[in-house]
Amino acid sequence: MRFLTTDLIVSIIGVSAIVTSLTLFYFDLTKKVDAGRQEQVGVISFKKLVAQRKYGNQVVWEEVGTNTPVYNYDSIRTADMSEAVIHLKDGTSIELLQNSLILLAFTRDDIDIEFKKGSVIAKRSGAGKDIKKINIKSKGTVVSIGNADLSLSGETGKALNVTVNKGTANISAGNINKTVDKNQKAVISEENFDLYKFNIVLNKPETNKFFIITENSKSVNFAWEKVRGDFDLFFEISQKRNFSKYYVRKRVVKNSMQIKLQKGQYYWRLSAVNK
């Protein structure tokens, strides 16, 4: 009887140890990492599919959702077909498109964004007057903006593309320092710094305008500046950002169009074909 009692005690201790270990392992897997004493600099106001954040003092990535706080020295990334919008405290909006990665670093005088890959849209034209300068750094190139809107894209080993939609941007790359104006695009590689001006200017909705239609359908007004030159102009809407499939494609001669859209996500553009 004494041996049976001893065996029972040993079994109970063994089961308790296993349960305790599994419980601790579960909490270790599911616990949220801590931002420490870093300052909150903004919030993720929108997320589509998968977006992740890594604190500056951590090596673990965690998935984030809408209204998730963003802290100084956070890294934010998106997955395939995913997007995230970060609203900073000064009113700046930063949109990360799919497969994008940035690191935020607020200093006393400026805001530094380390752009790693993908496509990013920064909108500051609606921010306050007393705002810090933003420096977007990538591949030895620094793009600096005040009250301006721009989009930036690039992958490892490829050229960096910077398009200014409002205001101006100062770009420093090696020994080259240039100012890029509204409706201009800079393509920067190790060998070249090329600057282009757009002939097509979209007015309504604004370039990179982001809004949500909650009704089953809604009529949306589109407008653009008159395109000068001998072109065939096409108005295009797609539910795919790369326009691999069209929802609407019409040849137009005027500079406006009204389209009724069903619930969903849409992108629009104009394309001009030289006759």
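This passage describes a three-stranded sheet and two nonpolar cores in a predicted model.

Strands of a sheet pair through backbone hydrogen bonds, in either a parallel or an antiparallel manner. In the sheet considered here, three strands are arranged in the order S18-S19-S22; the sheet is open, and its pairing is antiparallel. Strands S18 and S22 occupy the edges, and each has a single partner strand, so one side of each is left without a neighbour in the sheet. On average, neighbouring strands of this sheet are turned by 35 degrees against each other, direction ignored.

The pairing can be followed residue by residue. Strand S18, which spans residues 202–204, is joined by two bridges to strand S19, which spans residues 217–224. Lys-204 has Ala-223 of S19 as its bridge partner. Seven bridges connect S19 with strand S22, formed by residues 256–262, and these two strands also run antiparallel. Ser-219 lies opposite Lys-260 of S22, while Val-220 has Ile-259 of S22 as its bridge partner.

The largest nonpolar core comprises 36 residues, and those with the most contacts inside it are Ile-86, Ile-94, Ile-102 and Leu-150. Strand S9, covering residues 110–123, gives the most to this core, contributing five residues. When neighbours within four places in sequence are left aside, the contacts of Ile-102 include Ile-86 and Ile-94, both also named above for their contacts inside the core. Further contacts of Ile-102 include Asp-74, Glu-114, Phe-115 and Val-120. A second, separate core of 15 residues includes Val-220, Phe-222, Val-248 and Leu-270. Val-220 thus appears both in this second core and in the pairing with Ile-259 of S22.

Definitions and conventions
Residues are numbered from 1 along each chain as its sequence is written. This is a predicted model: local features need pLDDT of at least 70, side-chain atom pairs count only at pLDDT 80 or more; totals for chains, interfaces and linings use all residues. Side-chain values use heavy atoms; hydrogens and water are left out. Two strands pair if DSSP finds at least two bridges between them. Helices (H or I, at least four residues) and strands (E, at least two) are DSSP runs, numbered from the N terminus. Axes are lines fitted to C-alpha atoms, for helices over the stretch in contact, and angles run from 0 to 180 degrees between N-to-C directions. A nonpolar core is a set of buried Ala, Val, Leu, Ile, Met, Phe, Trp, Tyr and Cys residues joined through side-chain atoms within 4.5 Å. Buried means under 20% relative accessible area, exposed over 50%, partly exposed in between (1.4 Å probe, protein chains only). Contact means heavy atoms within 4.5 Å.
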